[in-house]
Each structure stands twice: as C-alpha cells, then as structure tokens.
Amino acid sequence: MTEMIKLFVNGEEVEVESGKNLIDALEKVGIEIPHFCYHPALGADGNCRMCLVGIEDGRPPVVPACKTLAKEGMKVLLDADNIKKIQHDVMELEFINHPTDCPICDQAGECKLQDYYMKYEGTESRMWVPQVTKRKMQDFGGGVIHDQERCVACGRCVRFLRQITRTGELGLVNRGDDCRVEFFPGRPINNRYGLNVVDLCPVGALTSADFRFKQRAWFLKRAESICHGCSKGCNIMVDHNKEKYEDDIIYRLRPRQNEQVNGWFMCDEGRMTYKLENDNRLEECTLAGAVRPLADIFADAERRIERATKVLFLVSPSASLEQLAAVQALAEKTGATVSAFSDGYIVKDDGDDFLIKDDKAANRAGVDLLGIAKSRTHFDNMAKEADVFINFGNDLSRSLSEEQIGRLFSDTWVLNGATHPGQLGAVMEKKVGSSIALRSWSEYHGVVVNCDGIAQKFVGGVMKNVERPDIVEMAAGLGSPATGTAAAWALVQKKIPALAEFGGFLELPAEGVKLTDNEAGK
Amino acid sequence: MMQEAKILSAKFAIKNSNKLTVAKKHGAYQTLDKLFSSKQGDVIEIVKNSGLRGRGGAGFPTGMKWSFLPKGLDKPVYLAVNADESEPGTFKDRYILAQDPHLLIEGIIIACYAINSHDAYIYIRGEYTTQRTILQNAIDEACKAGLIGEKVGKQNYRINITIHRGAGAYICGEETALLESIEGKKGQPRSKPPFPAVEGLYACPTIINNVQSIASLPWIIQNGAMAYKRYGIESATGTHLFGISGHVEKPGVYELPFGLPLLDVINEMAGGVWKGRKLKGVIPGGSSCPVLTPEEAATATLDYASMAEHKTMFGSGGIVVLDETVSMPELAVNLTQFYHHESCGQCTPCREGLGWMEKILKKIVAGEATMRDLNLVRELCDNIEGKTVCVLAAACTMPIRALLDKYRDEFEALLKPEPTDAVTEASAEQE
C-alpha cells in the first residue's frame, strides 16, 4: 500500500498518497488543479502556468503544482484571491490569440479551454487589437491535422514523441507569440503511435483526420472496452452513436488508462479497428444458400451433429472466456472436438517493445487456460476425419489459403459462424451448408486474458439494427448446456479458480485480474 | 573632481593589450603563484570577504553563490561565464572581452580553482564576432604558453576553456537558458529548483558568473579583500563598469566605485545632457530597470540599496539618459517590442501577454486608443508579472509600468475619446 500523508487544502485537512505532485495527489481525492501542460505520463514541464497554487508560509509563496511534491502538513491555497486572479489572468492570456472557433472545432465538448473558461475565467474578451494569425489545417502526417492558432504551446505532443515513441518528429519553434509546433521539413509524424498526440492535446490544435467533422463529442455514447486488435488488450473507450434512422456506428476508439496494461496509450492500428466493426459485416443467416430464420438453421445443424460420426468445432482465439466455455460445454455434450487453430493470427516480428504484439488474438492466453488444443496437426487430423465442421467466428483465412480450406473440408458439411465475409475464403463460403452472422466484440460483453495473463472485462455498448447472435447464443442454439453468459461464466470459474470470487464479469476490477501461471495450472 | 578607479579598465587604454606579451608586461597572470599556494576554500573566503556581487544584473554575492555547490559529489563541476551581454543599454563586458581578454582568462583560472572545476564555458553573444575572435586568440595564446590547459601555471591542475557562441537570443543571458543553449537545446529557462549550483550544465553542479564578476577576481586575489572593500560602499564594494549612453555629451564606459550620486556621474563623467537640453528621465541599469524621473535621479546613488529605495534596480550599470525630446509612449513601444521579440515563448503569460502589450501601446502611439486601452495595458503589467519561470516578463512589465505611472499624462494626451457606441454597448450589457 502507498503511504498516506495529511495536508491542508484551503484550510481543510485531506489525506493523499505520498510521492505524488499536488495535481495528481489532489485529483485522487477529487480536488481539481487546472493545468494544460502537465500529463502524468509525460511529467511536469511547467510552461502553462495554469497550475500555480499558493503555499501558506511557503517560500516561494506561489508555486506550480505540477512541480511541487505533496508534503506532510503542507498548506495549499486554491481559493485565495491571488490564486483565483492568477487562474483568471492566465486563462485570459491563453484566449487572446485563440480563434474561439468552437462551433467548427472537433475538440468542443471535451476541451480544457472551454471547461476552464467556464470555471476560471468567464469574462468578456478584451482583445481590442488584431490577433496573431498562424497556419490552419496543417497536415502533420500520421492522420494528425494541426491548427496552429488553437494551440496553447503546452508541448505535450512534442514530449510524447520525444519521450515515449522516441521518434521526435515535432518541435516547438520560434519565440514569443510566434511560438508554434512544427515538424521538421519533409519529416512528418511517422510512427505507429502518432494518433495519441490527438488525445494528449488538451485543446483542438491536434485533431484526427479520421474523426474530424464526423460527430460532436457530446453526442457520442461511451463503452469501456478492450481492444481486440492484438494480445496486449489495451483498455479503450468505444465512442459510438446511433443517429435517427441510422445504424449504431462507432466513430472512434480512444485509449483508457490502465497502468498495468497500456498506460494512457494505444497504437494507431488498434485505433482503426473500429472500421471493421462498422463496415462489410455479414448480415444474413442462410441455410443451403437461402436466407432462413435462425431457429431453422439451429434445428438443422443440431440434427446433423447428432447424426455425424465426427464433429469439429473451431473457435476464435479472440473469443471471450464465456464464449469459449460455452462451445467447450457443447463439445462435451455432443462428443465433438474443439480446436482453436489460429497460426495465422500471429504476425512474426510485427510487435515492438511498447504495446504492439505479434499475436493478433485477444484471448490466446484464455484459450490455453481453458485447455483448448490449437496446433496445426491436431486441426488437420480432426478436419480430415470430421463430417460436420462448425466455425465459431475464427478467421481461418488468416491461417490457410482458399485451396487448403477447400481441400480440408471437401466432403464435410460446414456451418460457418462469422462476423465478416471471407473468413473461410470466398470459395468455401459459397459451398457452406449454413452460415450465421455473428456479433462482434463491440456488441457483446465478456472477459479476455491478455498476453501478460491479465483477465480484463469489456462492455459491448453498440446495438446494431440487425439482430445477430453472439457465440454463447449460437452454442446455446445448438444445444450447449450453457444457455446464457451467466451460465457460461460459471463454467469459466470452474476451470479458472482465480476467477471464482467474481460473481459476474462486471465484478472484475477495472485494472483487471492478474492470473499467475500457478493459478492457471490448477 | 570625480575620477575613474582603474581596476578592471587598467589596460583598456594600452595598445595591443589583448596580446599576451603586452598583457603580461602590464601585470597579467601574476596572481597564479599566490593562487595555487592558497587552499581552495581560502580563495572562496577571500571573495566572500571582498563583498563582490554578481555584475550581471542581479547582484548576488559571488562568494556565496560558489559556496552553494554541493560537497562530496562525484560529478564534475562546470564554470559557465556569461558573456551574452544583450540588455539594451549595456555595453561593459564587450570592453573586457576585446581590450583585456587575459584578465578574463586569469579570472576564470581563479574561479575554476576556487570551485574545483576543470572545464569553463564562455557563452558569448552571437553578435560579438570581433570580441569572439580576440578572445579565442587570447585563449590560444594562453594555452600555448601553458597558462591554461593540462598543467595550469606548471601546477597539476587542468583547465579547459571553451567558447560557445549564442545565436542571437536575449533570453540565453538568463543563466539556465544559457545552459540549455550550451547543451544544444532551444534556449528556454529552466524551472528552479533545482538550481544550477546543484544541477546545471549536463545535470552537473555549475556556477554561472558574469564576465565582469570573473574579471574582478585577479585584482581581489592580488590585493586582498580589504583593499577591494576600500572602493565603493559597505553594501556594494568595489568598482563597476558603467556604460553611459543616450543623450549625453560623452557617452562611454567609465569605471567607478559604487555609491556615487547618479546625476554627478552623468554631469561630471559623461558631460551632462547634450546640447544643453533638459533631463527627462534616466534608465539606471539597462532597459529592464524602471525609469527614474529627474527628481528621483537627483537623490539616487549608484548602488543596489539606493536603487531599490527608488523602486528601480541597479541592474547592469547601463545608464541611459533621456532628454526632454524623448516621447515616453514611443520608448514604451520600443522596449515592449524588444521584450516581445525576445520572449522565449515558453510560459503563457509572457508568450501571449507581451505581444498584446506591444499592440496596445502601438495603438496608443498611433492615436487610435481610448482610455480603456490605456487602463488595460497598465493592468496587464500586473497580470503578466510574477507568474513565469524566469523574469523576462517582469523585465518588460516593470519599466513599462514605471513609464505609464510616471509619465501618464503623455500617454493620455495621445488618447481619443471613448466612442459613444461602445459606451451604450457596455451599458446595454450591464442591463
């Protein structure tokens, strides 16, 4: 446990964690100190001067909170008249050369300038002389668009690219009110984490070319989720909205803080995976090439499973623990074999030492914890023997070519549960007995285990117009004893004792549960 | 009759005094034997006792600054000599650099030995090209003669001196911005603490001294602290190179002891206000020091305490004399323009505020401003000052505040009446 210390804010005693600066320490107990340039992941710079606070009996009496360590007995003044005046004056100075184009700015609604104006300034502009004009809509590369006039020169983007990615594409150039963020000529942002500067920017100076002008921030619904782009399991926020008469659409993914996993950041590729959730989705369920109700497909498949000599289930290594357990239960009941063959999900040498991993599966550790086989030989042997093959959302086209898939299942009756077309290869999909359009990860709840053995929950907030089953429902339709996520979660708990104490997936702590190797082995 | 005290400027008038042979003939490097036979702590004591205060503008006691170095660190200690003389109205260090560079080098040897440093950096203003060439030649000569280098003065003590040229930024004269610049970064002041004496150049303990402070050392070591104290007054000992410029008959650099009456110096040394005109004001120590009216100047003496009493600063001793023809609003524009241009752009108040002040002052001078503009710019002086990492913002707001307060009628004379529609607008808003 961290040591706690007592200090005074405006004369009232508060208990805070030691070893933190005043901004972080007081934020934890719900006291806000306004700031632009300080960010916990980037450290204190001290240039915005917005976090100046008074220290009673202190020398000097006014200090930047970002550079001041919380100390036992410290008397911090936030509501003193001189501090309020400083906040007001600094805000006024931030504003004099700001274009105040909130109606056309994507940051509006989540902008610190707006928030602080309402809270700390709130007076009429006194800028009775012409403003400084700078460049607008500058392409910074990497999908980042810069508006120099909106910039408050806090340097967060510059520090991120120097300290975190160590690529250093951006710098603060020029002096005085001509100071601006620029990239070196001919060397725009070029790294796999560049879009994080958009989140870091406290104002609307850096916006995402992908997101800008698509949606106002206040219309977006937010769902706390886990990125399914690779096995790192970065914590993300899914920002989506369903406009009238339209489908529920995801507009962007943003990183969500989790010190254990991704800190404050995520990669650009992961950020763009929302497009797969929106576009080119399978919509219909078919039986022998004709669109049919789900119940008919389930009844037909159930009959075929009963009559078959050998049945093979293929699960996705990105499926949630609940989904895997539900399919496992169905296999145990029907005597089918389960494989999680997914060699193609691993992209050799694609990962780095920060967030991106070679393994593009979100729950491979979960597959191992539940004891599901995933080797190529096992899959090949079983596929050759099987006369019924059911795919539960595995993108087999990543691992095998169309011909290989065709050869393996030439005499097999196939039920393809998939989110997107082409997951069994275009040729095979024309020949399948049935197909079921599945929900994708942004549309269901569950738990996945990341590459470091941390079990993390995620919430599916997106409600598509087309009703689709998720894999738990598909398995239940085919006769699995796990008739719903709650029943499936009970099965998971039996296999992974470390999760036994959590009544439901929602009870998992926000930072996740570290499943050590020992517990996994039990 | 007032007379110059030639301590620093002793060799200024000698031909080729920047050559080693000439300098040596006139007493250069004679302190080295005495220096190396003293203990390092004793040298610091002598400098402390001499009462020498930093000549860069802040006037911080030099010996005390040295004693802030942490003891028992295994990191190297650096000496940085501030030769980035950029304050408008200040032109004293350039004389030492050009006329007597060996005095500076000798001073560096003393300072390095006292603080146990082996590497000194001279950060020289980029525009000082002639001075740099002369200084570099002098360093080369001294090196060849074995005065600096591996074995300083045949002692087992290494001192290397490196010249680092600035690229034309006033802010690099601020000690931490100077360090950033030497490190190859953008010249921006650092937040303190940590102070440079603890964590300075390349995160090592560093002492930063002005050229004139360093150049004062040989005389102090040679003649002792008590001899030095005989010049000047108790709170400000020794002599100072005063650069007198502006509307005087004989502008130039004069070496004088501290404590002399300001007007006497202007009248007796610099020949008084030129062309028999009347005095309008005096900027006592470089452009960042608040202006003194003739009445204030009459009671001021040239030392730190008197200047503080008159709510201005001794600064760098760059005295700018303003005659009755000077337009104070235009002076305000000129000064603000300079500080706005030189603001490093780091802290919000200075970055945004100085440009704003410049525009408002220009509007006043152009005759387009009203009373609310004048009140605003006066208020801005208070709003900007004291909220930033360094004192550049204050270096602008302090003299402008003084000009606005002491010569307000001159500004008001330029105003046009408040437009009536603005008045009705304002009253409509209030309702």
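Start in chain B of this predicted model. Select G243(B) and V253(B): V253(B), in β8(B), is the bridge partner of G243(B).

Now widen the selection to the two strands. Show β7 of chain B, residues 239-246, together with β8(B). They pair in the antiparallel sense, over six bridges.

Next, bring in the rest of the sheet. Which order do its strands follow? Across the sheet, read β8-β7-β10-β9 in chain B. The sheet is open, has four strands and shows mixed pairing.

Look to the edges. Select 252-257 for β8 and 279-283 for β9, both in chain B. Each of these strands has a single partner strand, so one side of each is left without a neighbour in the sheet. Then view the twist: neighbouring strands here are turned by 25° against each other on average, direction ignored.

Add helix α11 of chain B, residues 262-269. Helix α11 packs on the sheet. What does the helix touch there? Its contacts are with β7, β8, β9 and β10 of chain B, with β10 spanning 318-323. The direction of α11 makes about 70° with that of β7(B).

Now move to chain A. Colour three ranges: 4-94 for domain 1, 96-208 for domain 2 and 286-514 for domain 3.

Keep domains 1 and 2 of chain A in view. Their C-alpha centres lie 24 Å apart. How many residues of each are in contact? From domain 1 of chain A come 14 residues, meeting 17 residues of domain 2 of chain A.

Finish on the side of domain 1 of chain A that touches domain 2 of chain A. Colour that side by class: seven residues are nonpolar, four polar and three charged.

Terms used
Residues are numbered from 1 along each chain as its sequence is written. Chains are lettered from A and ligands numbered from 1 in the order in which they are written. This is a predicted model: local features need pLDDT of at least 70, side-chain atom pairs count only at pLDDT 80 or more; totals for chains, interfaces and linings use all residues. Two strands pair if DSSP finds at least two bridges between them. Axes are lines fitted to C-alpha atoms, for helices over the stretch in contact, and angles run from 0 to 180 degrees between N-to-C directions. Two residues are in contact if their C-beta atoms, placed from the backbone, lie within 7 Å. Domain bounds come from an automatic or database domain assignment. Ala, Val, Leu, Ile, Met, Phe, Trp, Tyr, Cys and Pro count as nonpolar, Asp, Glu, Lys and Arg as charged, and the others, Gly among them, as polar.
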